[in-house]
Amino acid sequence: MTPVQRPYLCTGRVTVVGSLNLDRVAHLPGETLTGHNFAWISGGKGANRAAAAARPGAQVSMIGRVGDGPNGRTLDWICSRWSSPY
């Protein structure tokens, strides 16, 4: 009998300094220029690394900067859903 593999767990602490972005993504079928789906997707190299470190259980702190416009407020809201901003 093969032992059951457990998911990798990380109990360490990670601090990520990097970018947070809000990307605009349009899904275009084939070669046409008319899109049918449009989405705002959060990301950025720093934010993606922070999310990847948090998935296996690391305690993650993110240091980055966002603007005070609508995109920055959206990123603030997204980050607040992950955990406390302080």
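This report describes the predicted model of a protein, going from its overall make-up to its helix α1, its nonpolar core and a few individual residues.

## Overall make-up and confidence

The model is a prediction, and the mean pLDDT of the protein is 79, with 74% of its residues reaching 70 or more. Confidence varies among the elements, for β1 has the highest mean pLDDT, at 93, whereas β2 has the lowest, at 81.

The protein contains 2 helices and 4 strands, and, read from the N terminus on, these elements follow the order β-β-β-α-β-α. Of the 86 residues in the protein, 16% are buried, while the protein as a whole exposes about 7300 Å², of which carbon and sulfur atoms supply 54%. Among the contacts with a separation of 6 or more, 59% are accounted for by residues 24 or more positions apart.

## Helix α1 and its buried side

Helix α1 comprises residues 45–54, and its buried residues are G46, A47, A50 and A53. These residues lie on the same side of α1, because the arc that they cover around the axis is only 125 degrees.

Two of the residues named here recur elsewhere in the model: A47 belongs to the largest nonpolar core, and G46 is touched by G18.

## The nonpolar core

The largest nonpolar core has 5 residues, namely L20, L22, A47, L75 and I78. One of its members, L75, is in contact with L20, N21, L22, S42 and V66 when its neighbours within four places in sequence are left aside, and this list includes both L20 and L22 from the core.

L20, another member of the core, is found in the loop between β1 and β2. The residue counts as buried because its relative accessible area is 12%, which is under the 20% limit. Not counting residues up to four places away in sequence, L20 touches G43, A47, M62, G64, R65, V66, L75 and C79. With A47, which is 27 residues away in sequence, the C-alpha to C-alpha separation is 5.4 Å, and A47 is itself one of the buried residues of α1.

## G18 in the loop between β1 and β2

The loop between β1 (13–17) and β2 (21–27) also holds G18, which is partly exposed, with a relative accessible area of 26%. Where L20 is buried, G18 therefore falls in the partly exposed class, since its value lies between the limits of 20% and 50%.

When residues up to four places away in sequence are not counted, G18 touches G46, M62, I63 and G64. M62 is 44 residues from G18 in sequence, yet the two are 7.7 Å apart in space, C-alpha to C-alpha. M62 and G64 are also among the residues that L20 touches.

## S61 in strand β4

S61 is found in strand β4, which covers residues 59–63, and it is partly exposed, with a relative accessible area of 39%. Outside the residues up to four places away in sequence, S61 touches V14, T15 and V16. For V16, which is 45 residues from S61 in sequence, the distance in space is 6.2 Å, C-alpha to C-alpha.

## G57 in the loop between α1 and β4

The loop between α1 and β4 contains G57, and at 44% relative accessibility this residue counts as partly exposed. Once residues up to four places away in sequence are excluded, G57 touches C10 and T11. The C-alpha atoms of G57 and L9 are separated by 5.8 Å, although the two residues are 48 residues apart along the chain.

Definitions and conventions. Residues are numbered from 1 along each chain as its sequence is written. This is a predicted model: local features need pLDDT of at least 70, side-chain atom pairs count only at pLDDT 80 or more; totals for chains, interfaces and linings use all residues. Side-chain values use heavy atoms; hydrogens and water are left out. Buried means under 20% relative accessible area, exposed over 50%, partly exposed in between (1.4 Å probe, protein chains only). The arc is that of the directions from the helix axis to the C-beta atoms. A nonpolar core is a set of buried Ala, Val, Leu, Ile, Met, Phe, Trp, Tyr and Cys residues joined through side-chain atoms within 4.5 Å. Contact means heavy atoms within 4.5 Å. Accessible areas come from the Shrake-Rupley method with a 1.4 Å probe; for residues, only the protein chains shown count as cover. pLDDT is the predictor's confidence in each residue, from 0 to 100.
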